[in-house]
Amino acid sequence: MSRPAPEDVRTIACVGAGVIGGGWVAYFLARGYRVVAWDPTEDAETRLRHLVEAAWPALTELGLSDGASLDHLTVEHDLATACAAAEFVQESAPEDLELKRTLLADIDAATPVDVVISSSTSGYGMSEMQVRCAHPERTVVGHPFNPPYLIPLVEVVGGEQTSPEVVAWTSDFFRHTGKSVITMDREVPGFIANRLQEAMWREALHMVAAGEATVEQIDLSITDGPGLRWAIHGPLLTFHLAGGQGGMAHMLDHFGPSLQSPWTRLVAAELTPELRDAVVEGCEREADGRRIDDLVQERDRGVIAILRALGRV
């Protein structure tokens, strides 16, 4: 078979059906695709269908594509069968490099040769994952954000052996499905958004470890502070406005010296048992009896409200 145009894809294989893979399944179903899912764990189908059904109300509120149906989901127990009829593959296995290398090679062997294989990896570069594939030129990173059925962004980047045409095709495909796409010019460990998230995560752990802030205070500092601005303009344009009429130039000239202030510690905090327990207990306090399913629904309602307020749905 020849590679279909991005808009002609009808059947998608989702390999890996955990939180990310299941989120992809829900998203693609809502966009009207037929989805074939595969996951090696014993209770994978039960967990996957629970996740998809839990996501469906949010997806329905956002608006389902014509023909979207839960009935278009098939769960296969054989990887080769799952990939055989796919016109696009999204791999979402756990972050284990050896597992990724082996699984991508197996997907490559089972999938028609012109079909693009995309990986949801959150940190590995495709160059280090595609080494065992017979056709590495059609492997590419399509890095989503949790939950993939709700957060628009996908970061797309190829590896050393990936065809530029495949990178362009993948970006076009994700845009066609309704995603916001960053097509990266080069591989960067952790990509763009995760590197920024990681910096904040490290500083948050340092503050908890040092007794400088609680879990609840850290979360509130973002949800009721800069997070509200970031949803509109992002961190750099936010600082551009901080410079007043002088914009970023004035902001850098005025606040630039503070870059030398000891405001952050980007080296990771040692994850001691005490720090681990403090963060876990803080999250439990903040959840205040709300189950994971309750928090998922709360998050989904909030994100939908923000997207609506910004005119993005």
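Patches are made of residues with over 30% relative accessible area and no salt bridge, like charges being joined within 9 Å and nonpolar side chains (Val, Leu, Ile, Met, Phe, Trp, Tyr) within 5 Å. Accessible areas come from the Shrake-Rupley method with a 1.4 Å probe, and for residues only the protein chains shown count as cover. I232, I306 and L310 make a nonpolar surface patch of about 240 Å². I232 is found in helix α9, residues 226-242, where helices (H or I, at least four residues) and strands (E, at least two) are DSSP runs numbered from the N terminus. I232 counts as partly exposed because its relative accessibility is 47%, given that buried means under 20% relative accessible area, exposed over 50%, and partly exposed in between (1.4 Å probe, protein chains only).

This is a predicted model, in which local features need pLDDT of at least 70 and side-chain atom pairs count only at pLDDT 80 or more, while totals for chains, interfaces and linings use all residues. Residues are numbered from 1 along each chain as its sequence is written, and side-chain values use heavy atoms, with hydrogens and water left out.

A nonpolar core is a set of buried Ala, Val, Leu, Ile, Met, Phe, Trp, Tyr and Cys residues joined through side-chain atoms within 4.5 Å. The largest such core has 39 residues, and V25, F28, F88, F173 and F174 have the most contacts inside it. Helix α1 gives the most to this core, with 7 residues. Not counting residues up to four places away in sequence, F173 touches P6, V9, I12, F28, Y33 and F88, where contact means heavy atoms within 4.5 Å. Apart from this core lies another, of 23 residues, among them A13, V15, C83 and L103.

L103 is also one of the buried residues of helix α4, and the buried residues of α4 pack against β1, β2, α3, β4, β5 and α5.

A salt bridge is a side-chain nitrogen of Lys or Arg within 4 Å of a carboxyl oxygen of Asp or Glu, and by this rule the count comes to 17 salt bridges. Three of them are listed here.

| Salt bridge | Closest N to O |
|---|---|
| D43 and R47 | 3.1 Å |
| K100 and E95 | 3.5 Å |
| R175 and D172 | 3.6 Å |

K100 counts as buried because its relative accessibility is 0%, whereas E95 is partly exposed, with a relative accessible area of 36%. These two residues are linked with E91 in a network of salt bridges. R175 and D172 both lie in helix α6, 3 residues apart, which is about one turn of the helix.
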